[in-house]
Amino acid sequence: MAVRSTAEAQRALAVASATRVFARAGYHATPVTAVAADAGISPAYVFRLFDGKLGLFLAAVEHCYARVVDALTAGAQEATDRSPQGLLDAMGLAYAHLIADRDLLMLQVHAQSASDVPEVRDCLRRGLASVVGAVEDLSGADQQAVQRFMAWGQLCHLVVMADLDEVPGSWARTLTQGIRHF
């Protein structure tokens, strides 16, 4: 097994910390010093590893979407029903497990909220393209089914972010009906 260089290991550590820290306060409100402190490395070293705060945020968002694609792939591989809908269902369940990590979910939300920054918007688009491409390739589903899958995923985001399972109103039950998350 290849041993990662110190820089690679520190980069991975910084990306994991960036995911957690940016998930709490977003791109605009998070200083690099907060990420460095969480990672236990110096801010100067973070700047050596990444092209500033923007580069660090983009690396975290890219890592987030890579984890989404990995989860969808694992879900599709574990599916017992190999029909397009069976594969979508298995991928949806895998995604529901993944977003139990609220940091990944909140990082996606913060990336959307920082889409006024062209590089973030482009990164967000690349991430979404990779997810849609994976869903299409893995499921073999048609565009409408993939669109419904993606829309359902966004509804899952809303349910998890707003803890709608905790809300007793009928309007919340309307939104949460049939949605499983962990």
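Visitor: Before we start, what does "buried" mean for a residue here?

Guide: Happy to help! This is a predicted model, and each residue in it can be given a relative accessible area. A residue counts as buried when that relative accessible area is under 20%.

Visitor: How many of the 182 residues of the protein chain, as a percentage, count as buried?

Guide: Take the cut-off we just met, under 20% relative accessible area. Applied to the 182 residues of the protein chain, it gives a buried share of 42%.

Visitor: Which elements build the protein chain, helices or strands?

Guide: Let's follow the chain from the N terminus: the elements run α-α-α-α-α-α-α-α-α. There are zero strands, and the elements are nine helices.

Visitor: Is the chain as compact as a globular protein of its length, or less so, and what is its radius of gyration?

Guide: For 182 residues the globule rule gives 16 Å. The radius of gyration of the chain is close to that, so the chain is as compact as a globular protein of that length. The value itself is 18 Å.

Visitor: Let's pick one residue. Is H157 buried or exposed?

Guide: First find H157 in helix α8, which covers residues 143-161. The relative accessible area of H157 is 4%. Buried means under 20%, so H157 is buried.

Visitor: Which residues is H157 in contact with, leaving aside its neighbours within four places in sequence?

Guide: Contact here means heavy atoms within 4.5 Å. With the neighbours within four places set aside, the contacts of H157 are Y95, I99, L105 and Q108.

Key: Residues are numbered from 1 along each chain as its sequence is written. This is a predicted model: local features need pLDDT of at least 70, side-chain atom pairs count only at pLDDT 80 or more; totals for chains, interfaces and linings use all residues. Side-chain values use heavy atoms; hydrogens and water are left out. Helices (H or I, at least four residues) and strands (E, at least two) are DSSP runs, numbered from the N terminus. The radius of gyration is taken over C-alpha atoms; the globule rule is 2.2 Å times the number of residues to the power 0.38. Buried means under 20% relative accessible area, exposed over 50%, partly exposed in between (1.4 Å probe, protein chains only).
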